[in-house]
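Subject: Structure handover

Hello,

Here is the structure for your work. My notes follow below it.

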Amino acid sequence: MAASVPEPENPTIFGRILRGEIPCDQVYADEHCLAFRDVAPQAPVHILVIPRQHLVNLAEAEPDQAALLGHLLLVAAQVAKQEGLTGFRTVINSGEEAGQTVFHLHVHVIGGRPLAWPPG
Ligand code: AMP
């Protein structure tokens, strides 16, 4: 996995969750990532998988973070299975125009109801 990148001086809310300064409803954790329930769920199951290493979004990802990105997706599938989902959606919003509001990369895992396509 890629070398650790320091947190910015003003950590995002997810950075603060990783530091243990803000509680979360954790569903999975390992040395590379943390998964917890979204505070404003858009479906019966809505979980966020975030890297422990600070990464702004997919657009800022570097080739040496490929293993980490792959790991986040495998964890997303694992937590979906853990939640009993037979179908689910993974979303990574990158940039304000795409709806990103927290600038620490996160994979949304959404399921538990029929999901329309195209997304809004
Ligand atoms: P995005 O809009 O893709 O950046 O997604 C950010 C997500 O983080 C939103 O779905 C928020 O509801 C969620 N969120 C914000 N603060 C928290 C928090 N403290 N704990 C859990 N989820 C949060």
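In which loop does Gly95 lie? Gly95 belongs to the loop that runs between strand 4 and strand 5. Please keep in mind that this is a predicted model.

Gly95

The relative accessibility of Gly95 is 18%, and because buried means under 20%, Gly95 counts as buried. If neighbours within four places in sequence are left aside, the contacts of Gly95 are Asn57, Gln100 and Phe103. Val56 is 39 residues away from Gly95 in sequence, and the C-alpha to C-alpha distance between the two is 9.1 Å.

His106

The loop between strand 4 (89-91) and strand 5 (107-111) also holds His106. Is His106 buried or exposed? His106 counts as buried, because its relative accessibility is 5% and the cut-off for buried is under 20%. A polar atom of the His106 side chain lies 2.7 Å from the backbone oxygen of His104. Not counting residues up to four places away in sequence, His106 touches Phe14, Leu48, Val49, Ile50, Val91, Ile92 and Gln100. Gln100 is thus listed for His106 and also for Gly95.

The ligand

There are 16 residues around the ligand, and the ones that come nearest are Asp38, Asn93, Gly99, Thr101 and His108. Which elements each supply at least two residues of the shell around the ligand? Helix 1 (13-18) and strand 2 (33-37) each do so. Helix 1 gives the most, with three residues.

Polar contacts to oxygen atoms of the ligand include the following:

- Asn93: a polar side-chain atom lies 2.8 Å from an oxygen atom of the ligand.
- Gly99: a backbone N or O atom is 2.8 Å from an oxygen atom of the ligand.
- Val102: a polar backbone atom is 3.0 Å from an oxygen atom of the ligand.

How much of the ligand does the protein bury? The ligand taken alone exposes 510 Å², and 84% of that is buried by the protein. As for pockets, the largest one is the space that the ligand takes.

In short, Gly95 and His106 both count as buried, and the loop between strand 4 and strand 5 holds Gly95 as well as His106. For the ligand, the entries to start from are the side chain of Asn93 and the backbone atoms of Gly99 and Val102.

Regards

Terms used
Residues numbered from 1 in each chain as written. Predicted model: local features only at pLDDT ≥ 70, side-chain atom pairs only at ≥ 80, totals over all residues. Heavy atoms only, no water. Helix = DSSP H or I, 4+ residues; strand = E, 2+ residues; numbered from the N terminus. Buried < 20%, exposed > 50% of the residue type's maximum accessible area, 1.4 Å probe, protein only. Polar contact = N/O pair within 3.5 Å; in protein donor to acceptor, adjacent residues only side chain to side chain. Contact = heavy atoms within 4.5 Å. Near = heavy atom within 4 Å. Areas by Shrake-Rupley, 256 points an atom, 1.4 Å probe, with all protein chains shown as cover. 1 Å grid on protein atoms, 1.4 Å probe; cavity = no way out; pocket = protein on both sides within 12 Å on 5 of 7 lines; lining within 4 Å. Sits in = over half its atoms within 2 Å of the grid points.
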